[in-house]
Amino acid sequence: MTDAEVIVIGAGLSGLVTATELTAAGRRVVLLDQEPEASLGGQAWWSFGGLFLVDSPEQRRLGVRDSAELAWADWLGSARFAPGAEDGEGPDRHGYAWAKHFVEAASGDLRSWLHAKGVRWFPLVQWAERGGYPAGGHGNTVPRFHVTWGTGPAIVEPFVAAAREARSAGLLDLRLRRRVTELVVTDGRVTGVRAEILADDEAVRGAPSSREVVGTEELSAAAVVVASGGIGANHDLARARWNPRHGELPARMLSGVPDSTDGLMLGHAADAGAALVHEDRMWHYPEGIANHSPVWTNHGIRILPGPSSLWLDADGGRLPAPLFPGFDALGALQHVTARGDDHSWFVLNKAIMESEFALSGSEQNPDLTGKDLRLLAQRVLPGAVGPVARFAAESPEFLWADTPEELAGRMNALTAATPGSRGHVDPAALAAVVRARDAQVASGLGKDPQVVATRAARDFRVDRMIRVSPPRPLTTPKDGPLLAVRLSVLTRKTLGGLWCDPSGRVLRDDGSVVDGLWAVGEAAGFGGGGVHGHRALEGTFLGGCLHTGRVTGRALAADG
């Protein structure tokens with residue numbers, strides 16, 4: 001007799017969705033996770049709660065004209081799937097199929113399914129990953145980033161509640177502090193897992209927990225689902241897999257995910273015969289700053305910038321168009337790593353920071369996370385929101401000065417004080433860059449592509465209200481002082497993963513099914529081993545966890 005009908009490895013968002021879809025169908029599930037109960041929901045809890053939705057009521061109320069066809073065209077322009085994918089051929093064929101199904105869900109019943117669970121959204125849809133390339137290239141043609149009211153915790157909550165209800169009903173056996181070390185294979189079929197039992201630990205959510213082993217356990221089931229996430233906290237693995245065409249990931253990086261996102265389960269699945277595909281496809285961010293109050297190792301926070309800041313490399317040169325803030329995160333990252341740098345810079349002024357800087361993550365947005373209307377009102381009032389103001393006051397990576405020359409000196413001093421870092425910003429050259437940019441703005445029109453893009457961004461009502469400053473010279477006295485922010489690489493998401501068919505069954509290198517093994521969420525490349533192809537449109541990571549968990553959970557429930 002088996003211990004359960006299905007074992008799900010990982011109690012993050014995708015694992016919770018899978019498990020609760022199964023228990024809703026009456027299936028008996030064992031849900032395993034190596035962390036304490038405080039960390040239920042995994043990385044999703046820490047997220048901004050952004051979802052890629054298409055032709056939503058929120059968009060329509062803002063006058064945004066979107067459609068499934070337009071979203072699909074944007075997806076294909078960003079993904080750049082390998083030839084043959086649309087015909088069901090090649091390594092991207094399953095990622096393509098999952099992508100098409102996801103866009104259909106994002107423009108169909110994904111929102112209503114979540115709405116029925118009590119999830120709601122901030123009415124001002126955000127415009128992430130604008131791209132800036134010609135039609136048919138990377139980027140969102142229209143705003144699609146829907147911030148959940150309550151951010152990441154509000155996405156996680158209904159599934160945690162459903163899991164606890166299933167546990168009370170005797171359908172879900174939640175076993176925490178279990179670290180799976182092996183998949184059990186019997187006659188070519190995955191029939192269970194072997195796991196280490198870790199010592200009890202009262203670590204708070206996200207904090208590193210003990211890895212002391214106090215026992216072992218073997219469990220059997222008719223099916224096993226890998227929902228263990230990606231490799232974002234395993235910097236050595238990320239460096240090893242980074243595509244050398246884009247240089248190397250630097251020795252000094254920040255982590256956008258807790259230490260438990262170690263990628264080890266992917267190797268255990270490969271040992272059981274599973275195919276890992278597109279391992280060099282990753283989605284890390286170049287706009288990271290060190291958290292002044294870290295929870296996990298190398299804890300970093302991403303700046304969510306408006307388009308006005310100058311983006312400079314380690315030597316003070318402007319990043320090429322269209323690598324402006326908020327346009328092409330991966331393109332900017334690849335530019336930085338190809339140069340061999342471990343940092344870049346935003347150069348702006350106090351007024352732009354107050355209007356355009358936001359921070360990613362649930363804990364950095366207490367107004368949205370706490371559903372606090374009084375705090376939320378600060379976003380339309382003069383001055384920076386509280387978390388941004390705190391970084392501006394406390395972070396040694398926020399450098400203030402009255403002149404570009406003085407600012408360059410402080411930038412160089414920070415670089416020199418950072419072991420292994422390189423780069424030198426020439427004070428006269430920085431002053432010239434600022435003067436040239438300011439002359440374009442002062443003209444009232446301007447040919448500079450970033451100035452043109454910034455003016456165009458203000459055509460969207462939300463950007464004009466809360467995200468994009470009116471174009472003015474950086475050296476306007478009342479807008480000062482000047483500010484430089486050092487930006488570091490922030491690891492985050494794995495775009496490749498376990499190769500899966502359209503129902504989530506894991507495949508071998510030859511395309512045959514590994515009987516008994518399924519995968520969801522980031523472990524599955526958010527669908528099929530790579531639903532995003534080479535680039536993501538944002539809001540598709542949480543959405544991918546939800547979608548794969550729902551589809552695979554239902555497919556497993558229907559599987560005889």
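Four nonpolar, three polar and three charged residues make up the lining of the largest cavity. The model is a predicted one, and this cavity is a handy place to start. About 60 Å³ of space lies inside the largest cavity, and the structure holds 2 cavities of 30 Å³ or more. The walls of the largest one are built from S308, L310, R318, R437, V441, D448, Q450, V451, T454 and P471. Two elements, α15 and α16 (449-457), each give two or more residues to this lining. Of the elements, α16 supplies the largest share, with 3 residues.

The second largest cavity comes in at about 30 Å³. Around this space sit S309, L310, W311, R318, L319, L323, F324, P325 and Q450. L310, R318 and Q450 turn up in the linings of both cavities. By class, the lining of the second largest cavity splits into 6 nonpolar, 2 polar and 1 charged.

Helix α15, already met in the wall of the largest cavity, also packs against a neighbouring helix. The axes of α14 (residues 404-416) and α15 (residues 427-442) come within 8 Å and cross at roughly 130°. With angles over 145 degrees counted as roughly antiparallel and 65 to 115 as roughly perpendicular, α14 and α15 are therefore oblique to each other. Their crossing is right-handed. On the α14 side, the contact is made by P404, E405, L407, A408 and M411, and on the α15 side by P427, L430, A431 and V434. In this contact 8 residues are nonpolar, none is polar and 1 is charged. As for α15 itself, its stretch of residues 427-442 also takes in R437 and V441, which appear in the lining of the largest cavity.

A second helix pair is formed by α1 (residues 13-24) and α6 (residues 151-168), which pack at an angle of about 45° with their axes 9 Å apart. Angles under 35 degrees would count as roughly parallel and 65 to 115 as roughly perpendicular, so α1 and α6 are oblique to each other as well. Here the crossing is left-handed, whereas that of α14 and α15 is right-handed. From α1, the residues involved are L13, L16, V17, T20 and T23, and they meet I155, V156, F159, V160, A162, A163 and A166 of α6. The contact of α1 with α6 counts 10 nonpolar and 2 polar residues, with no charged ones.

Back to empty space, this time of the open kind. The second largest pocket holds about 250 Å³. It has 17 lining residues, and those closest to its centre are R189, A222, A223, L556 and D559. Strands β1 (4-9), β8 (213-226) and β20 (513-519) are the elements that give two or more residues each to this lining. The largest share belongs to β20, which puts in 6 residues. Sorted by class, the lining of the second largest pocket has 9 nonpolar, 2 polar and 6 charged residues. Both R189 and D559, named among the residues closest to the pocket centre, fall in the charged class.

Note on methods
Residues numbered from 1 in each chain as written. Predicted model: local features only at pLDDT ≥ 70, side-chain atom pairs only at ≥ 80, totals over all residues. Heavy atoms only, no water. 1 Å grid on protein atoms, 1.4 Å probe; cavity = no way out; pocket = protein on both sides within 12 Å on 5 of 7 lines; lining within 4 Å. Points joined across faces, edges and corners; volume = space filled by probe spheres on them. Helix = DSSP H or I, 4+ residues; strand = E, 2+ residues; numbered from the N terminus. Axes fitted to C-alpha atoms, helices over the stretch in contact; angles between N-to-C directions. Left-handed = near helix turned anticlockwise from the far one by under 90°. Contact = heavy atoms within 4.5 Å.
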